[in-house]
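Subject: Structure handover

Hi,

Here is the structure you asked for. Please open it first, then read the notes below it.

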There are 2 protein chains.
Amino acid sequence: MNISEAAMKSGVPPKTIRYYESIGLIAAAPRTGNGYRDYAVPDVETLRFIARARGLGFSVEEVGELLELYRDKDRASADVKKLAKTRIADIKRKVQELQSLQATLETLVDCCHGDERPDCPILEELASEHLAKMTDGALMRQLKLRGRG
Amino acid sequence: MNISEAAMKSGVPPKTIRYYESIGLIAAAPRTGNGYRDYAVPDVETLRFIARARGLGFSVEEVGELLELYRDKDRASADVKKLAKTRIADIKRKVQELQSLQATLETLVDCCHGDERPDCPILEELASEHLAKMTDGALMRQLKLRGRG
DNA sequence: GCTTGACCTTCCAGTGACTGGAAGCCCCAT
DNA sequence: ATGGGGCTTCCAGTCACTGGAAGGTCAAGC
C-alpha cells in the first residue's frame, strides 16, 4: 500500500512516516517500480505501536528502545517496566510544577481587578523582587525539565 | 556593566540575553569602546521581569506582550488578566492530559509483573488495538498542544 | 492523446527557546 | 609577552516534526 494509505490506517501522517524513516526509527520501506514506498500490514502495526507509545509521552528515542524490546524475544519485561516508571516519575514532576505555576497565576489573577485602571497587580508582581526566589527556583527546574516533555 | 554581570544579577545566561536581543525581545544594548555590550540597572530589571514571566510559563511571545503592556502607561489591566487566564486554562488542560497519561501508564505498570519473563503487558497493550481509541485521542490533543508548553 | 488533479518523490527551511562550540578580539595580571 | 579569562560573531544542533517548492507518476475524463 501507498504511504497515504499506511498513514490513514496508522494515524501517522505521511510526512512523519518519512521522518521516522529518515531518523532510522523504522526501516526504509521497499519501493515499487515507480519509486513509491510500499507498506504492508505489519508496517502499519509498527506505526500504530509508535503512535500509541508517543501518545503515552515516550520520546522518539524511548519508542526506539521499546520497539527493540518489543522485537527482542529475550527481552526482560523489567526493562519495559523501568522505562514506564521513569516516564511516570517525569509526569508527576511535571504535573506538580504546572500546578504550582497555576496556583501562582491564580493568586495573581484573583488580585487583579481586571478593569481599565492602569495599575495591574500581575505586572507589579512580575516587576517586583517578591516573586523572585519562588519563580527563579521554578525557572531553574523548568529549564532542566525542558526538552523532556 | 558587562553581559556576564547582567546575567548574574538577572539570572538570565549571557547566551540567552544575546538571543533575546537577536529576536528583538529586548532592545540592543549600547556598546562600550571595545564593542562590549553595556547594561544598566533597568536592563537587569527587564531581564528579571522576563525571567519571572518565563518562569510562570509565558511563551517568549507572550512575554513580549507583557513587556509592551508593562511599558504602556495606558495599558488595561484587563489585557494582562486575560493573558494570565489563557495561561491558566492551558496549564489546566496540560495537567489533565498528563494525569490521564499517568493513570494509563500506572495501570500498565501495575499489570506488569516486571520479572525476566518475556511477555510484558505494557508492550502487549501498546501493540494491541485496545488502547487505540484512548491514546489516539490523547495523541491528537498532544499534537495540538505541542509547541505550547 | 491531452489535460487535470491527486498522488508520490526529494530536499530545504522553519518552528521554540535556547545551547554548544569555533574563531578571533580585548583586557589585566604576572 | 604570555596566560587566562572576558567579550564578540556566526554556525550548528537540539526535538519532533511541519510546510513548501520542484518535479515525477498515475488514473479519469474529454
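Start with a salt bridge between the chains: the side chains of A:Glu106 and B:Lys92 meet at 3.7 Å, N to O. Across the interface of chain B and chain A, the rule finds 2 salt bridges. Keep in mind that this is a predicted model. The count of residue pairs in polar contact between chain B and chain A, with both residues at pLDDT 80 or more, is 0.

Which elements build the side of chain B that touches chain A? Five helices of chain B give two or more residues each: H3 (41–55), H4 (60–71), H5 (77–111), H6 (121–127) and H7 (132–145). H5(B) brings the largest share, 21 residues. By class, this side of chain B has 32 nonpolar, 13 polar and 19 charged residues.

Now the overall numbers for the protein contact. Chain B puts in 64 residues and chain A puts in 63. Between them the two chains bury about 5,500 Å². Carbon and sulfur atoms carry 67% of that area.

**Symmetry**

How are the two chains related? Chain B superposes on chain A after a rotation of 180°, with 0.0 Å of shift along the axis. The RMSD is 0.1 Å. Therefore the two are related by a two-fold axis. In chain B, the C-alpha nearest the axis belongs to B:Val95, at 2.8 Å. Of the interface residues of chain B, 98% are also interface residues in chain A, so the copies meet through the same surface.

**DNA strand D**

There are 19 residues around DNA strand D. A:Lys15, A:Tyr20, B:Ser4, B:Arg18 and B:Arg37 come nearest. Which part of the strand faces the protein? Of the atoms of DNA strand D that come within 4 Å of the protein, 66% are sugar and phosphate.

Three side chains to check against the phosphates of strand D:

- A:Tyr20 has a polar side-chain atom 2.6 Å from a phosphate oxygen of DNA strand D.
- B:Arg18 places a side-chain N or O atom 2.7 Å from a phosphate oxygen of DNA strand D.
- A:Arg54 has a polar side-chain atom 2.9 Å from a phosphate oxygen of DNA strand D.

Both chains supply helices here. H2 (14–22) of chain A, and H1 (3–10) and H2 (14–22) of chain B, each supply at least two residues of the surface near DNA strand D. H2(A) gives the most, with 4 residues. By class, this surface has 6 nonpolar, 6 polar and 7 charged residues.

**DNA strand C**

DNA strand C is also surrounded by 19 residues. The closest are A:Ser4, A:Arg18, B:Lys15, B:Tyr19 and B:Tyr20. Sugar and phosphate make up 69% of the strand C atoms that come within 4 Å of the protein.

Again, three side chains to look at:

- A:Arg31 has a polar side-chain atom 3.0 Å from a phosphate oxygen of DNA strand C.
- B:Arg54 has a polar side-chain atom 3.0 Å from a phosphate oxygen of DNA strand C.
- B:Thr16 has a polar side-chain atom 3.1 Å from a phosphate oxygen of DNA strand C.

The elements that give two or more residues to the surface near DNA strand C are H1 (3–10) and H2 of chain A, plus H2 of chain B. Which helix gives the most to this surface? H2(B) does, with 4 residues. The residues near DNA strand C divide into 6 nonpolar, 6 polar and 7 charged.

**Salt bridges elsewhere**

Side chains of opposite charge can pair when their charged atoms come close. Over all chains, a search of the whole structure finds 11 salt bridges. One of them is within chain A: the side chains of A:Arg37 and A:Glu21 meet at 2.9 Å, N to O. What does this pair tie together? A:Arg37 lies in the loop between H2 and H3 (41–55) of chain A, while A:Glu21 lies in helix H2 of chain A, so the pair ties together parts that are 16 residues apart in sequence.

Best wishes

Methods
Residues are numbered from 1 along each chain as its sequence is written. Chains are lettered from A and ligands numbered from 1 in the order in which they are written. This is a predicted model: local features need pLDDT of at least 70, side-chain atom pairs count only at pLDDT 80 or more; totals for chains, interfaces and linings use all residues. Side-chain values use heavy atoms; hydrogens and water are left out. Contact means heavy atoms within 4.5 Å. Buried area is the accessible area (1.4 Å probe) that two parts lose on being put together, summed over both. A salt bridge is a side-chain nitrogen of Lys or Arg within 4 Å of a carboxyl oxygen of Asp or Glu. A polar contact is a pair of N or O atoms within 3.5 Å; within protein, one must be able to donate a hydrogen and the other to accept it, and residues adjacent in sequence count only if both atoms are side-chain atoms. Ala, Val, Leu, Ile, Met, Phe, Trp, Tyr, Cys and Pro count as nonpolar, Asp, Glu, Lys and Arg as charged, and the others, Gly among them, as polar. Copies are superposed by least squares on the C-alpha atoms of residues with pLDDT of at least 70 in both. A residue is near a molecule or strand if one of its heavy atoms lies within 4 Å of it.
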